[in-house]
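Trainee: Could you take me on a close look at one part of this model? I'd like to hear about the pockets, and about the chain around them.

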Amino acid sequence: MRSYCFLDNIAIADIAFEARGETPEELLLAAADALIATIANPCSVRPRQEHVLQLTSCDLSELLFAWLSELVFLKDAEAMVFCDTDVTVREKSYWELSARIRGDSVQNTQQLGSDVKAITKHMYDVSHNGSEWVAIVVLDI
Amino acid sequence: MGCDCGLGYLAMKLEHTHMKIHEVSTNIWEIPVTEKEGMQVPARIYASPKILEEMDSGVFEQITNVACLSGIQRYAICMPDGHWGYGFPIGGVAAFDQHHGIISPGGIGFDINCGMRLIRTNLTYDEVQPKLEQLMSELFRQVPAGVGGKGFLQLNKSEFIHLVSDGVDWCIANGYGWPQDRERIEEGGHLAGADPSKVSDKAIKRGIHQIGTLGSGNHYLEVQVVADDRIFDRQAAETFGLFGKNQVVIMVHSGSRGFGHQVATDFLCVFEKAMRKYDLKVKDRQLACAPFTSSEGQDYFGAMLCAANAAFANRQVITHRIRESFRTIFQKPPESLGMEIVYDVAHNIAKVEPYTINGKRKDLVVHRKGATRAFGPGHPDVCPRYRKTGQPIICGGSMETGSYLLVGTEKAVTDTFGSTMHGSGRTMSRTAAKKKIKGADLRRRMEKHGIVIKSVSLSSLAEEAGMAYKDISDIAETVEQCGITKKVAELRPIGNIKG
């Protein structure tokens with residue numbers, strides 16, 4: 001099961017969250033959920049556009065960073081907010097992600113949030129605690 | 001708080017840090033190099049005892065991390081508006097030897113050349129108030145804010161590359177500014193050395209449609225009033241075009257938008273690899289750095305200067321839209337409304353500036369992250385119009401309270417690498433602020449105080465509530481007592497646009 005929560009007392013100028021998942025896929029989905037919800041209430045965004053994305057990385061930590069950074073890039077390059085994502089992760093000699101990102105161009109009917117500038121490496125951490133994957137991420141706002 | 005006068009200085013025991021900190025002179029506190037392994041120089045925090053006590057623990061960790069960076073000179077400095085950021089604390093200043101030191105995107109921020117601009121008018125509150133609602137609606141229409149905001153400029157890639165190369169010069173040449181605007185902007189709004197060949201296509205794609213937009217977070221466009229009794233230095237105020245009598249001015253806080261954010265993201269990855277290559281170690285991954293003279297360091301510097309020029313151009317195009325909004329609402333040309341720029345300052349940037357270190361003149365790479373350049377009277381880099389007075393410094397407070405116009409001093413140049421505060425500084429995280437107040441309630445409260453609010457996002461509005469910030473008057477008072485700036489005027493908000 002995937003989940004996330006925002007952290008109150010970390011990097012007070014910005015927004016920090018913790019994401020959890022039992023599998024790498026769930027972790028990447030949970031972290032995307034937190035980022036998406038920071039940008040706009042996903043329930044207020046209709047799935048009118050879909051983007052397909054493929055990424056590779058040498059480890060899961062860098063794959064998560066690249067994945068979240070791509071969402072931030074799409075937000076600006078396509079002037080887009082998101083409602084949900086599908087993710088498939090494969091571990092080979094490297095990590096590979098295939099994703100579908102659904103959302104819409106920005107409309108005044110949506111409940112918009114913060115215009116996230118970047119994913120930071122401050123306190124950035126991905127770990128496995130025996131039963132689940134946990135990530136700490138600080139977003140620059 | 002404890003006191004140990006036997007050591008010849010005041011020492012504070014702060015509950016939220018284990019580090020020893022002592023007062024070296026009034027409102028200047030030092031953490032010695034013995035407090036953290038790897039510190040090359042002491043850390044100095046400019047703060048009143050009250051401000052110091054209220055600073056979050058992140059400031060102490062982060063400023064001492066900065067003190068560990070290679071080639072740092074004299075001190076790692078934190079201003080009184082300092083608070084927990086990423087890499088450097090917000091309010092951090094550090095200068096590095098140009099030949100033996102580093103450059104770090106974490107000492108500049110993702111929002112390269114985030115900065116402040118102040119525009120004056122000849123109008124008074126009594127003249128504007130009857131049309132304030134109309135004016136704010138027009139400004140909200142003309143200056144897009146928030147997520148997905150697209151500017152009115154439709155540029156192709158070649159035009160965008162010219163814009164990031166030439167900054168405000170491009171804007172003036174294309175009809176988005178007045179020739180005299182140039183001298184009222186730090187570095188004339190055009191930093192030489194910008195190298196677009198070091199910028200990724202992704203950065204261009206992210207930023208090409210965003211020139212003339214505010215963004216969100218703590219970015220805003222604010223209409224403000226200068227009351228007679230809030231002018232502290234009348235001569236300096238008059239030099240800067242402020243006459244009081246409830247004069248209306250406009251403040252803009254924005255940066256390089258997605259273009260600059262992507263430049264910083266791209267080079268964070270480059271620098272993580274470069275650190276292995278140059279065997280550099282840092283205490284926080286966000287402090288990833290490279291020797292300034294290395295190919296990676298120079299590539300980033302060239303790309304960073306492009307982003308800085310894009311930010312100057314962004315605030316210039318916003319100024320053009322503000323002038324046009326006033327033309328529409330007051331049916332007069334902006335020239336006759338006296339809509340000159342007072343000044344424009346960067347507060348997230350690295351620049352090469354000369355300073356005297358141990359009696360020797362050296363070029364240093366000065367990083368200011370949430371800190372403002374503060375050159376004093378007579379400094380050759382202050383424009384001729386203001387050279388006798390010193391450089392204007394624009395400091396934004398919370399949207400509920402007010403902002404300050406300050407002026408730089410010679411002491412800032414000798415003590416703090418020509419730097420001072422940039423705003424009020426947060427006391428509460430965004431997430432905590434949203435739990436304490438609803439955006440709609442905050443809007444009602446501000447409207448009750450006569451402040452017209454136009455906001456894209458109610459949740460973002462709540463994050464910026466006055467209670468989430470320190471008292472900017474305390475911060476301005478502290479830097480004045482330290483001698484690194486002087487107060488010129490306090491500016492009270494009457495209308496605010498937020499992303």
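Mentor: Let's start with chain B, which has 15 helices and 20 strands in this predicted model. Its radius of gyration is 21 Å, close to the 23 Å that the globule rule gives for 499 residues, so chain B is as compact as a globular protein of that length. Along the principal axes, the C-alpha atoms of chain B fill a box of roughly 65 × 50 × 45 Å. Of its 499 residues, 67% count as buried. If you take the contacts in chain B with a separation of 6 or more, 75% of them come from residues 24 or more positions apart. As for the outside, chain B exposes about 16,800 Å², with carbon and sulfur atoms supplying 49% of that.

For a spot on the inside, try I318(B), which sits in helix α10 (residues 295-330) of chain B. I318(B) has a relative accessible area of 0%, so it counts as buried, the cut-off being under 20%. Leaving aside neighbours within four places in sequence, I318(B) is in contact with V143(B), G212(B), T213(B), L214(B), L221(B), V252(B) and S254(B). Then look at G151(B): it is 167 residues from I318(B) in sequence, but the two are 9.2 Å apart in space, C-alpha to C-alpha.

Now for the pockets you asked about. The largest pocket holds about 430 Å³ of space. It is lined by 20 residues, and the closest to its centre are E62(A), F65(A), K121(A), C269(B) and K273(B). Three elements each supply at least two residues of this lining: β3 (49-57) and α2 (60-77) of chain A, and α9 (257-277) of chain B. The largest share, seven residues, comes from α9(B). Sort the lining by class and you get 10 charged, five polar and five nonpolar residues.

The second largest pocket holds about 340 Å³ of space. Here 18 residues form the lining, and those closest to the centre are A37(A), T38(A), G113(A), K434(B) and S459(B). The elements giving two or more residues are α1 (24-39) of chain A, along with α12 (430-436) and α14 (458-463) of chain B. Of these, α14(B) gives the most, with three residues. By class, this lining has nine polar, seven nonpolar and two charged residues.

If you want to put the two linings side by side on screen, pick out α9(B), with its seven residues in the largest pocket, and α14(B), with its three in the second largest.

Note on methods
Residues are numbered from 1 along each chain as its sequence is written. Chains are lettered from A and ligands numbered from 1 in the order in which they are written. This is a predicted model: local features need pLDDT of at least 70, side-chain atom pairs count only at pLDDT 80 or more; totals for chains, interfaces and linings use all residues. Side-chain values use heavy atoms; hydrogens and water are left out. On a 1 Å grid over the protein atoms alone, a cavity is a set of points where a 1.4 Å probe fits but cannot get out, and a pocket is an open set with protein on both sides within 12 Å along at least five of seven lines; lining residues have an atom within 4 Å of a point. Grid points are joined across faces, edges and corners, and a volume is the space filled by probe spheres set on the points. Helices (H or I, at least four residues) and strands (E, at least two) are DSSP runs, numbered from the N terminus. Ala, Val, Leu, Ile, Met, Phe, Trp, Tyr, Cys and Pro count as nonpolar, Asp, Glu, Lys and Arg as charged, and the others, Gly among them, as polar. Buried means under 20% relative accessible area, exposed over 50%, partly exposed in between (1.4 Å probe, protein chains only). Contact means heavy atoms within 4.5 Å. The radius of gyration is taken over C-alpha atoms; the globule rule is 2.2 Å times the number of residues to the power 0.38. Accessible areas come from the Shrake-Rupley method with a 1.4 Å probe; for residues, only the protein chains shown count as cover.
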